[in-house]
Amino acid sequence: MSGQKFKVAVLISGTGSNLKALIEAVSEKRLALEICLVISNRASAAGLDHARQAQIPIAVIDKTGFAGNLAQDREIVRALGQVSPDLVLLAGYMRVLGAGPVNAYRGRMINLHPSLLPRFPGLHTYQRVLEAGDTEHGGSIHFVTTELDGGPVISQVRIPVQSGDTAEALAARLSPREHQLLLATMELFTRRRVKMFPGGVMLDDSPLTRPLLLNSKGLFD
Ligand code: GRF
């Protein structure tokens, strides 16, 4: 048997540049996985076009179709259940998921967040980094729990804050490094090397004492 591909469902809200990076890596066979579904909470999300072009099934689960957060969450669980993903990736999904989907996919749902967690959970991270005078910023991938941006951190990428940086400049510099972080982390998942356990993250059956750090080559040291 050629084996079952690792199946990933991706949730987005906007541009979808991380989804695009993932689609490209899959089509160029740099990653052995199947993107089985893309869900957006906005019908106008530009990222949906990347999914359409790659002929990936899409589902728009938004406020207009599903009144209230609970109804949206239930529909998300239903839609995911139909494709049985090995992993659910939140890549720029700007709506907070409730306990329903989070608990249904506990240990199988990850989020890409633009800060060096535990610093700056929540929104406007670039602005907050600048206001705090931090000399470093970065991105994190963490398991999703019911605590917002609070689940165990798997991997991180760091970038320096430069003098004269604006939030936009920082975001533009972080974005390509986030894509690399995502691809390197997804590779670990496709090889089934990463797991969540009650105390944090296991890599190859050993607990991680700190998040994996992406090096300048886009690999983990
Ligand atoms: C990324 O910066 C990610 O860290 C955050 O939302 C952004 C998504 O960007 N959660 P894109 O939609 O993938 O371009």
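Here is a chat between a colleague and a modeller about the structure above.

Colleague: Before we start, what kind of model is this?

Modeller: Residues are numbered from 1 along each chain as its sequence is written, and side-chain values use heavy atoms, with hydrogens and water left out. Local features need pLDDT of at least 70, side-chain atom pairs count only at pLDDT 80 or more, and totals for chains, interfaces and linings use all residues, since what we have here is a predicted model.

Colleague: Let's go for the big picture. Which strands stand at the edges of the sheet of eight strands?

Modeller: Strands here are DSSP runs of E with at least two residues, helices are runs of H or I with at least four, and both are numbered from the N terminus. Two strands pair if DSSP finds at least two bridges between them. The open sheet of eight runs β3-β2-β1-β4-β5-β6-β7-β11, with mixed pairing. The two edge strands each have a single partner, so one side of each is left without a neighbour in the sheet: they are β3 (58-60) and β11 (212-213).

Colleague: How many bridges pair β6 with β7?

Modeller: Strands of a sheet pair through backbone hydrogen bonds, either parallel or antiparallel. Strand β6 covers residues 136-143 and β7 covers 153-160, and they go together in the antiparallel sense. One of the matched pairs is G138 with R158 in β7. The number of bridges between β6 and β7 is seven.

Colleague: Which residue of β7 stands opposite H142?

Modeller: Start from the other neighbour: β5 and β6 pair in the antiparallel sense over four bridges. There, N111 has H142 in β6 as its bridge partner. On the β7 side, H142 faces V153.

Colleague: Is V153 buried or exposed?

Modeller: Buried means under 20% relative accessible area, exposed means over 50%, and partly exposed is in between, with a 1.4 Å probe and protein chains only. V153 sits in strand β7, and its relative accessible area is 19%. That value is under the cut-off, so V153 is buried.

Colleague: How many of the eight residues of β6 are buried?

Modeller: β6 is largely enclosed by the rest of the structure. That follows because the count of buried residues in β6 is seven of the eight.

Colleague: Now the sheet of three strands. What is its order?

Modeller: This open sheet has antiparallel pairing. β8 (194-197) and β10 (206-207) stand at the edges with a single partner strand each, so one side of each is left without a neighbour in the sheet. Four bridges join β8 to β9 (residues 200-203), and K195 stands opposite M202 in β9. The order is β8-β9-β10.

Colleague: How far apart in space are V201 and P152?

Modeller: V201 belongs to strand β9, and at 4% relative accessibility it counts as buried. In sequence, V201 and P152 are 49 residues apart. In space, C-alpha to C-alpha, they are 6.3 Å apart.

Colleague: Any odd backbone angles? What is the phi of D205?

Modeller: Most residues other than glycine have a negative phi, and most peptide bonds are trans. D205 lies in the loop between β9 and β10, and it is exposed at 58% relative accessible area. Its phi is positive although it is not a glycine, at about 70°.

Colleague: Which two residues does the cis peptide bond join?

Modeller: The loop to look at lies between β5 (109-113) and α5 (125-132), and P118 is found there. Omega of the cis bond is about 10°. The bond joins L117 and P118.

Colleague: On to the ligand. Which helix and strand each supply at least two residues of the shell around the ligand?

Modeller: The space taken by the ligand is the largest pocket. The residues surrounding the ligand include T15, G16, S17, N18, L112 and H113. The two suppliers are α1 (17-27) and β5.

Colleague: How much of the ligand's accessible area does the protein cover?

Modeller: An oxygen atom of the ligand is 2.6 Å from an N or O atom in the side chain of S17. A nitrogen atom of the ligand lies 2.8 Å from a polar backbone atom of L112, and a polar side-chain atom of E178 is 2.6 Å from a ligand oxygen. Of the 370 Å² of accessible area that the ligand has on its own, the protein covers 82%.

How values were computed: Near = heavy atom within 4 Å. Polar contact = N/O pair within 3.5 Å; in protein donor to acceptor, adjacent residues only side chain to side chain. Areas by Shrake-Rupley, 256 points an atom, 1.4 Å probe, with all protein chains shown as cover. 1 Å grid on protein atoms, 1.4 Å probe; cavity = no way out; pocket = protein on both sides within 12 Å on 5 of 7 lines; lining within 4 Å. Sits in = over half its atoms within 2 Å of the grid points.
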